[in-house]
Amino acid sequence: MLDLLIKNATLLDGSGAPAQRGDLAVKEGRIVALGGKLRETASEVVEADGLALAPGFIDIHTHSDIALFASPEAESRILQGVTTELGGNCGSSPRMLQGVTATANLTGADEEKAWGTLGEYLAALEKSTTSTNFGILMGHGTLRAAAMGFAQRPASESEISFMQNLADQAMQDGAFGISSGLIYPPSSYADVHELVAVAKAIAPYHGLYESHLRQEDGNLLTSLEEAFAVGRQAGVPVQIAHLKVTGRRNWQITVHAALAALEKARAAGIDVTADQYPYTASATSLNTLVPQWAHEGGREAFLARIADPETRTRIRQEICDSLERAEALWSDYMLSRLPSGNYPHLEGKNLQQIAEILGQEPVDAALDLILEEKGNIGRINFAMCEEDVELIMKHRLTMAGSDGGAANLDAKGVPHPRSYATFTRILGHYCRERKLFPLETAVYKMTGFPAWRMRLLDRGLLRPGFRADLTLFDPQTVRDTPTYTNPKQASEGIIRVYVNGVLTAREGKHTGAKAGTILRRT
């Protein structure tokens with residue numbers, strides 16, 4: 001007897017091939033048959049009546065690394081149909097207790113956990129159990145912090161060798177590759193020589209080099225060329241993180257050159273692809289407003305510089321100058337979370353509004369809050385245009401990736417809706433309403449394409465023998481209900497979600513199942 005039989009579904013196999021009507025059978029967590037009318041009996045029979053059945057969505061760009069310990073149900077992932085995610089992006093992965101400067105803290109969180117090796121972290125996560133399947137990249141920033149802290153200088157050869165050894169160990173532990181976060185210290189302090197050298201350590205394992213580019217504005221092309229250079233010189237595939245164009249003066253112009261650069265790089269033999277979230281606002285730490293030099297030495301040194309009146313004057317001026325060059329507005333920056341709990345009335349408001357409430361200039365309000373919250377404030381930045389988002393999304397080298405993370409519906413703050421609705425927004429708004437591409441293409445961009453990029457051999461497609469990660473949805477009603485002001489909601493139209501054959505969500509409700517597995521590089 002089968003464990004599960006889904007009947008009369010519109011099968012979207014994840015390859016981009018035309019949809020077909022048929023049944024799908026599951027036994028012991030794997031797909032055993034699909035297509036046509038299957039006559040076997042099953043413990044659970046679902047009448048799909050033409051609903052779309054796809055492989056579980058794969059989020060190739062997440063930051064669920066630590067969040068999964070606190071929110072193992074990962075409602076933000078499961079309730080939009082995501083069954084697999086790749087963490088460790090943008091240069092940051094869980095801290096390793098190795099090296100002289102092992103206490104360096106990348107996130108600014110007061111209680112950041114640390115492990116001896118990446119393998120120990122994965123084992124701990126495996127023991128805790130999760131609702132999603134989860135794999136991870138090793139963060140270059142984490143490697144650099146272990147080797148030399150937050151020193152703003154070129155790495156010595158011995159320090160590079162140290163990073164290479166840690167990267168090699170991470171690959172042996174099952175990492176999918178390494179990531180760089182070239183706007184975030186200490187990863188941003190690295191030069192191309194260092195990035196290439198560390199990437200060479202993952203090449204024998206067929207590891208992936210993922211990069212948050214150094215700049216995403218008018219200098220986007222130069223930043224892309226840097227990523228291409230790492231791929232070419234190290235001999236590794238390159239994943240461009242959340243490809244975007246920021247800065248009003250660059251809108252509808254730079255995007256064309258950027259996409260042409262991707263095509264040119266591939267034609268030259270560089271294995272490069274990109275991911276993207278379907279929003280015109282990004283999200284990160286408010287600390288990124290502060291110039292790079294002020295972060296040297298780690299969080300305590302960073303906060304001390306802001307507190308020092310003379311240094312603060314310089315920081316203040318550089319922030320204002322930077323916003324002026326970017327033609328950015330203080331109202332573009334919305335604060336998503338102030339974790340002390342002292343300012344709940346400021347969460348969800350922009351810096352212009354906050355300045356008026358506090359009776360300060362916006363730059364002073366921002367710096368004072370950074371000090372009070374010890375450098376741990378989330379912010380959302382409205383810096384992109386819709387036309388660029390659509391051009392990037394349609395491109396053949398772009399796949400879906402939320403840049404969000406695991407959270408439940410009762411999460412604190414006002415997080416970016418991308419954590420809760422990236423995939424349903426693509427299906428509903430961009431595929432059905434905007435008609436950017438057929439449904440088969442949309443599903444490919446969130447299943448088969450990222451599975452190929454991650455070298456997942458038994459996920460991302462509807463095939464006999466593949467893991468039964470499945471998302472059943474209504475293509476006529478699926479839509480993103482989470483918004484910037486009310487993000488913590490389940491999307492509409494996701495009917496059922498199975499992880500390794502186990503029903504994990506039904507009609508927008510989590511079942512409590514935690515059937516996810518820890519994925520290791522193959």
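**Figure 1. Helix H13 and the elements that cover its buried residues in the predicted model.** The cover over the buried residues of H13 includes three helices and two strands, named here one by one. The helices are H8 (254–267), H14 (418–433) and H15 (439–446). The strands are E15 (272–276) and E19 (398–400). Helix H13 itself spans residues 386–394. Its buried residues are Asp388, Val389, Glu390, Ile392 and Met393.

**Figure 2. Glutamine 276 in strand E15.** Is this residue buried or exposed? Glutamine 276 has a relative accessibility of 4%, so it counts as buried. Its contacts beyond four places in sequence include Val389, Ile392 and Met393. These three are also among the buried residues of H13. Glutamine 276 further touches Thr398, Met399, Ala400 and Gly401. His242 and Leu243 complete the list. One polar atom of the glutamine 276 side chain lies 2.8 Å from the backbone oxygen of valine 389. For scale, the C-alpha atoms of glutamine 276 and lysine 514 are 27 Å apart, with their positions 238 residues apart along the chain.

**Figure 3. Aspartate 403 in the loop between E19 and H14.** Aspartate 403 is not a glycine, yet its phi is positive, at about 60°. Most residues other than glycine have a negative phi. Aspartate 403 counts as buried because its relative accessibility is 8%; the cut-off for buried is under 20%.

**Figure 4. Arginine 455 in the loop between helix H16 (448–454) and strand E20 (470–473).** Here too phi is positive in a residue other than glycine, with a value near 60° for arginine 455. Arginine 455 has 38% relative accessibility and so counts as partly exposed.

**Figure 5. Arginine 249 in the loop between strand E14 (238–240) and H8.** Which residues does arginine 249 touch, leaving out those up to four places away in sequence? They are Glu324, Arg325 and Glu327. A polar atom of the arginine 249 side chain sits 3.0 Å from the backbone oxygen of arginine 325. Arginine 249 counts as partly exposed because its relative accessibility is 48%. The C-alpha atoms of arginine 249 and proline 438 are separated by 32 Å. Along the chain, these two residues are 189 residues apart.

**Figure 6. The crossing of helices H6 and H7.** Two packed helices are described by the angle between their axes and the distance between the axes. Helix H6 covers residues 192–200, and helix H7 covers residues 220–234. Their axes come within 9 Å and cross at roughly 45°. H6 and H7 are therefore oblique to each other. The crossing is right-handed. From H6, the contact uses Val192, Leu195, Val196, Ala199 and Lys200. From H7, it uses Glu226, Ala229, Val230, Gln233 and Ala234.

**Figure 7. The cis peptide bond between proline 185 and proline 186.** Omega is about 5° at this bond. Most peptide bonds are trans. Proline 186 is in the loop between strand E12 (177–181) and H6.

**Figure 8. Confidence along the predicted protein chain.** The mean pLDDT is 95, and 97% of residues reach 70 or more. Over residues 99–111 the pLDDT is below 50. Beyond near neighbours in sequence, this stretch has 39 contacts in the model. Which strand has the highest confidence, and which the lowest? Strand E6 (residues 57–59) is highest, at 99. Strand E8 (residues 95–96) is lowest, at a mean of 78.

Technical notes: Residues are numbered from 1 along each chain as its sequence is written. This is a predicted model: local features need pLDDT of at least 70, side-chain atom pairs count only at pLDDT 80 or more; totals for chains, interfaces and linings use all residues. Side-chain values use heavy atoms; hydrogens and water are left out. pLDDT is the predictor's confidence in each residue, from 0 to 100. Helices (H or I, at least four residues) and strands (E, at least two) are DSSP runs, numbered from the N terminus. Contact means heavy atoms within 4.5 Å. Buried means under 20% relative accessible area, exposed over 50%, partly exposed in between (1.4 Å probe, protein chains only). A polar contact is a pair of N or O atoms within 3.5 Å; within protein, one must be able to donate a hydrogen and the other to accept it, and residues adjacent in sequence count only if both atoms are side-chain atoms. Axes are lines fitted to C-alpha atoms, for helices over the stretch in contact, and angles run from 0 to 180 degrees between N-to-C directions. Angles under 35 degrees count as roughly parallel, over 145 as roughly antiparallel, 65 to 115 as roughly perpendicular and the rest as oblique. A crossing is left-handed if the near helix is turned anticlockwise from the far one by less than a right angle, and right-handed if clockwise.
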